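These are my notebook entries on the strand pairing and the pocket lining. I record each item as I looked it up.

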Amino acid sequence: MRDFVLATDSSCDLPQELVDKFELTVVPLTVDISGKTYVNYLDGREIGFKEFYGCSRAKEDIKTSCPSLDSFSKAFAEIIKSGKDILYIGFSSALSATTQNARIAAEELMAEFPESKIIVIDSLAASMGQGLLIKYVFEEKQKGKTIDELAQYAEDTKLHICHWFTVNDLMHLKRGGRISATTAIAGSALNVKPVMHMDDEGRLINVGKARGRKASLAALLEHMKETAIDPREQTIYISHGDCEDEVKDFAKLIKKEVGFKEVVINYVGPVIGGHTGPGVVALFFYGTHR
């Protein structure tokens with residue numbers, strides 16, 4: 001039986017130490033800021049998180065791009081030529097062409113190297129929700145599951161990875177086409193904060209609104225209370241748009257109200273953050289359903 005590696009893309013927003021722990025191959029997306037292109041490495045080597053959010057606050061023009069077919073082909077070929085197979089878990093196909101490009105590259109390489117296997121999983125997830133699915137998959141890999149067993153496990157698990165988030169500035173969602181200009185302007189005037197989640201099709205859906213920041217974070221916690229399975233035994237992930245102190249306080253509140261085994265906090269990277277803006281807070285956990 002051939003050995004295999006786990007692969008993903010940089011929209012998973014995992015801290016570099018977990019990338020190393022999970023032994024991940026990460027294919028990066030790119031971000032264009034006012035005409036200058038940066039590769040979205042998870043260690044921030046080309047553009048740091050604080051630098052990126054400074055650009056966002058300054059209302060610089062930010063655009064994001066998925067990895068090219070060639071990028072996936074090169075990354076996958078290197079692994080295949082080393083004699084290993086690949087299980088790739090990618091950014092939601094409802095939000096990006098990333099996973100589609102990975103699938104095309106995989107099919108071409110398997111035609112060229114028929115003894116190889118590359119399985120592509122559409123996570124229907126984003127940011128650290130994608131990262132949390134990878135965590136669960138890695139832990140099952142450590143138990144000795146085969147690549148096919150692990151692929152089935154990922155498919156069975158992905159719709160239990162709950163994503164709940166809120167943003168601080170509605171104008172970023174307007175620029176990304178997520179909400180109308182009228183809704184953004186009216187909501188900003190009234191200090192309305194949207195409460196959003198990732199649905200079963202991997203789309204970002206606005207499911208409610210709260211008056212003020214404190215109320216919006218409380219709404220995320222309420223959704224966790226409703227659907228989390230045995231939260232005191234879970235590792236939960238929280239990602240944020242350069243508001244770390246606020247998120248640490250939020251984590252303390254979750255610990256008090258619901259409990260958790262461990263929390264991992266990290267930045268929302270430039271790819272997702274380019275569309276959500278500074279101040280986004282996202283909560284990820286394992287639940288009965290999304």
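Entry 1, the parallel sheet. I began with strand β1 (residues 4-9) and strand β6 (residues 85-90), which pair in the parallel sense over 4 bridges. The model is a predicted one, and I read every value below with that in mind. At the level of residues, I found F4 standing opposite D85 in β6.

I then asked in what order the strands of this open sheet run. The order is β2-β1-β6-β7, a sheet of 4 strands with parallel pairing. I noted β2 (24-27) and β7 (118-122) as the edge strands, each of which pairs on one side only. From one strand to the next, the twist averages 25°.

Entry 2, the antiparallel sheet. I next looked up an open sheet formed by 3 strands, and its order is β4-β3-β5. Here the pairing is antiparallel. Its edges are β4 (36-39) and β5 (62-65), and each pairs on one side only. The twist in this sheet averages 25° from one strand to the next.

For the pair β3 (residues 30-33) and β5, I recorded 4 bridges in the antiparallel sense. One bridge I followed by residue: V31 has T64 in β5 as its partner.

As background to both entries, I note that strands of a sheet pair through backbone hydrogen bonds, either parallel or antiparallel.

Entry 3, the largest pocket. I looked up its volume, which is about 340 Å³. The lining comprises 25 residues, and F91, L95, A126, L204 and I272 are those that lie nearest the centre of the pocket. I then listed the elements that give two or more residues to this lining: β5, β8 (161-166), α11 (270-276) and β13 (281-286). Strand β5 thus appears in my notes twice, as an edge of the antiparallel sheet and as a contributor to the pocket lining.

Which element gives the largest share of the lining? It is α11, with 4 residues. By residue class, I counted the lining as 16 nonpolar, 8 polar and 1 charged.

Entry 4, T166. I located T166 in strand β8. Is T166 buried or exposed? Its relative accessible area is 0%, so T166 is buried, the cut-off for that term being under 20%. I also looked for a partner of its side chain: a polar atom of the T166 side chain lies 2.7 Å from the backbone oxygen of P194.

Technical notes. Residues are numbered from 1 along each chain as its sequence is written. This is a predicted model: local features need pLDDT of at least 70, side-chain atom pairs count only at pLDDT 80 or more; totals for chains, interfaces and linings use all residues. Side-chain values use heavy atoms; hydrogens and water are left out. Two strands pair if DSSP finds at least two bridges between them. Axes are lines fitted to C-alpha atoms, for helices over the stretch in contact, and angles run from 0 to 180 degrees between N-to-C directions. On a 1 Å grid over the protein atoms alone, a cavity is a set of points where a 1.4 Å probe fits but cannot get out, and a pocket is an open set with protein on both sides within 12 Å along at least five of seven lines; lining residues have an atom within 4 Å of a point. Grid points are joined across faces, edges and corners, and a volume is the space filled by probe spheres set on the points. Ala, Val, Leu, Ile, Met, Phe, Trp, Tyr, Cys and Pro count as nonpolar, Asp, Glu, Lys and Arg as charged, and the others, Gly among them, as polar. Buried means under 20% relative accessible area, exposed over 50%, partly exposed in between (1.4 Å probe, protein chains only). A polar contact is a pair of N or O atoms within 3.5 Å; within protein, one must be able to donate a hydrogen and the other to accept it, and residues adjacent in sequence count only if both atoms are side-chain atoms.
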